[in-house]
Amino acid sequence: MILAAIDIGSNAARLLITDVQKDPQGKAVFNKLNLFRIPLRLGFDVFEQKNISPERMSMFLETMQGFKHMMNAYKVEAVKAYATSAMRDAGNSKEIIDKVKASTGIHIEIITGDMEANLIYENHVAENMDRDHSYMYIDVGGGSTEISFFSNGILVFKKSFNIGTIRLLKNMVTEVEWEELKNTIKAVTKGHKEVVAIGSGGNINKILSLSKKKDGRPLPFELLRDFYRELGAVPLEERIVKFNLRADRADVIVPALSIYINVMRWANAAEIYVPKIGLADGLIQHLWKELKINN
């Protein structure tokens with residue numbers, strides 16, 4: 001069965017198309033067919049103006065129409081479309097949702113930060129880790145950061161914080177918000193086994209690729225700190241050329257690293273695994289479960 005997930009974030013919109021089959025034991029096997037990413041950058045409008053501008057609204061509609069064509073080409077049988085932080089904050093989000101529905105038939109649902117954290121956990125990566133450590137998922141987006149904490153294979157804590165890369169670029173994160181994140185991380189991890197971080201989001205995936213580490217090997221805390229200093233030390237235009245970054249990645253990668261580094265420091269996590277998972281992957285799993293229940 002071919003399924004699709006659309007994740008409309010504060011920095012980019014993604015369409016993930018996946019073929020789900022069952023193995024001989026009846027277990028679902030998820031095979032990614034394609035991932036499309038469009039840098040809509042909704043947060044640049046919303047976090048300052050509280051609305052999505054007409055120009056970006058037009059881009060949004062074009063993107064969704066493009067996604068619809070790709071789903072038709074792949075003969076997608078079911079789709080879930082979720083929007084996160086920027087659409088949560090946009091005063092005109094309902095107008096956009098109605099326009100998308102009318103022009104493409106795709107229904108976009110705006111989800112809470114907690115639901116976002118849940119969906120990232122749908123990937124169950126921590127369940128495959130050993131019991132000698134506790135694990136902290138850190139998913140950094142343009143508008144928010146989702147934290148999920150596991151100990152002894154059990155979800156102990158999850159919360160969404162309004163600290164994201166675009167908000168940081170726009171100087172819209174207060175000391176009080178940083179302090180809340182810091183105190184929460186320290187309180188949640190206190191008394192638990194040594195913490196290993198698990199990172200998701202486009203920025204940490206890019207750092208993994210820049211590090212030349214093999215997939216499956218963790219990134220040490222010190223390496224993230226070195227990248228933060230090295231990337232932050234050069235102007236944006238030079239950063240794009242020197243590190244071969246897209247413009248819409250180059251500006252947000254430094255604030256993203258500041259979030260990962262701080263959370264790891266407060267959790268005393270020495271390394272971070274980057275399994276290349278994200279909200280769209282969780283969405284596919286969520287949709288598959290829904291379809292199984294309904295059938």
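**Exercise 1. A helix lying on a sheet**

Determine which strands helix α7 lies across in this predicted model, and at what angle α7 runs to β8.

*Solution.* We begin with the helix itself, which covers residues 175-189 in this predicted model. Helix α7 lies across four named strands, β6 (134-140), β7 (145-151), β8 and β9 (195-200). Its direction is at about 180° to that of β8, and since angles over 145 degrees count as roughly antiparallel, α7 and β8 can be described in that way.

The next step is to place these strands in their sheet, which is an open one of six strands in the order β8-β7-β6-β9-β11-β10, with mixed pairing. Its edges are formed by β8 (154-161) and β10 (219-220), each of which pairs on one side only.

**Exercise 2. Two pairs within the six-stranded sheet**

Describe how β7 pairs with β8, and how β10 pairs with β11.

*Solution.* Taking β7 and β8 to begin with, we find that they pair in the antiparallel sense over seven bridges, and that Glu146 stands opposite Ser160 in β8. The two strands form a hairpin with two residues between them, and in this turn Asn152 has a positive phi of about 55°.

At the other edge, β10 and strand β11 (residues 271-273) also pair in the antiparallel sense, over two bridges. Within this pair, Pro220 has Glu271 in β11 as its bridge partner.

**Exercise 3. Helix α12 and its two partners**

Work out how helix α12 is oriented against α7 and against α8, and which residues make each contact.

*Solution.* Two packed helices are described by the angle between their axes and the distance between the axes. For α7 and helix α12 (residues 253-267), the angle is about 40° and the axes are 8 Å apart. With that angle, α7 is oblique to α12, and the crossing of the two helices is right-handed. On the α7 side the contact is made by Trp178, Leu181, Lys182, Ile185, Lys186 and Thr189, which meet Ser258, Ile259, Asn262, Val263, Trp266 and Ala267 of α12. Sorted by class, this contact has seven nonpolar, three polar and two charged residues.

For α8 and α12, the axes come within 9 Å and cross at roughly 95°, so these helices are roughly perpendicular to each other. Here Asn203, Ile204, Lys206 and Ile207 in α8 meet Ile253, Ala256, Leu257 and Tyr260 in α12, a contact with six nonpolar, one polar and one charged residues.

**Exercise 4. Helix α8 against helix α9**

State how α8 and α9 are oriented to each other, and classify the residues in their contact.

*Solution.* Helix α8 (residues 202-211) and helix α9 (residues 221-232) have axes that come within 11 Å and cross at roughly 95°. Because of this angle, α8 is roughly perpendicular to α9. The residues Ile204, Ile207, Leu210 and Ser211 in α8 meet Leu223, Leu224, Phe227 and Leu231 in α9, and by class the contact has seven nonpolar, one polar and no charged residues.

**Exercise 5. The five-stranded sheet**

Find the strand order and the edges of the five-stranded sheet, and then identify the helix that packs on it.

*Solution.* The five strands form an open sheet in the order β3-β2-β1-β4-β5, and the pairing is mixed. The edge strands, each pairing on one side only, are β3 and β5 (108-110). On average, and with direction ignored, neighbouring strands of this sheet are turned by 25° against each other.

As an example of one pair, strand β1 (residues 2-8) and strand β2 (residues 13-22) are joined by seven bridges in the antiparallel sense, where Ala4 has Ile17 in β2 as its bridge partner. Helix α2 (residues 54-73) packs on this sheet, where it touches β1, β2, β3, β4 (78-83) and β5, and the direction of α2 makes about 20° with that of β2.

**Exercise 6. A salt bridge between distant parts of the chain**

Say which elements hold Lys32 and Asp281, and how many residues separate the two.

*Solution.* Side chains of opposite charge can pair when their charged atoms come close. The structure holds 13 salt bridges, and one of them joins the side chains of Lys32 and Asp281, with 3.1 Å from N to O. Lys32 belongs to strand β3 (residues 28-38) and Asp281 to helix α13 (residues 279-294), and the pair, 249 residues apart, links distant parts of the chain.

Definitions and conventions. Residues are numbered from 1 along each chain as its sequence is written. This is a predicted model: local features need pLDDT of at least 70, side-chain atom pairs count only at pLDDT 80 or more; totals for chains, interfaces and linings use all residues. Side-chain values use heavy atoms; hydrogens and water are left out. Two strands pair if DSSP finds at least two bridges between them. Contact means heavy atoms within 4.5 Å. Axes are lines fitted to C-alpha atoms, for helices over the stretch in contact, and angles run from 0 to 180 degrees between N-to-C directions. Angles under 35 degrees count as roughly parallel, over 145 as roughly antiparallel, 65 to 115 as roughly perpendicular and the rest as oblique. A crossing is left-handed if the near helix is turned anticlockwise from the far one by less than a right angle, and right-handed if clockwise. Ala, Val, Leu, Ile, Met, Phe, Trp, Tyr, Cys and Pro count as nonpolar, Asp, Glu, Lys and Arg as charged, and the others, Gly among them, as polar. A salt bridge is a side-chain nitrogen of Lys or Arg within 4 Å of a carboxyl oxygen of Asp or Glu.
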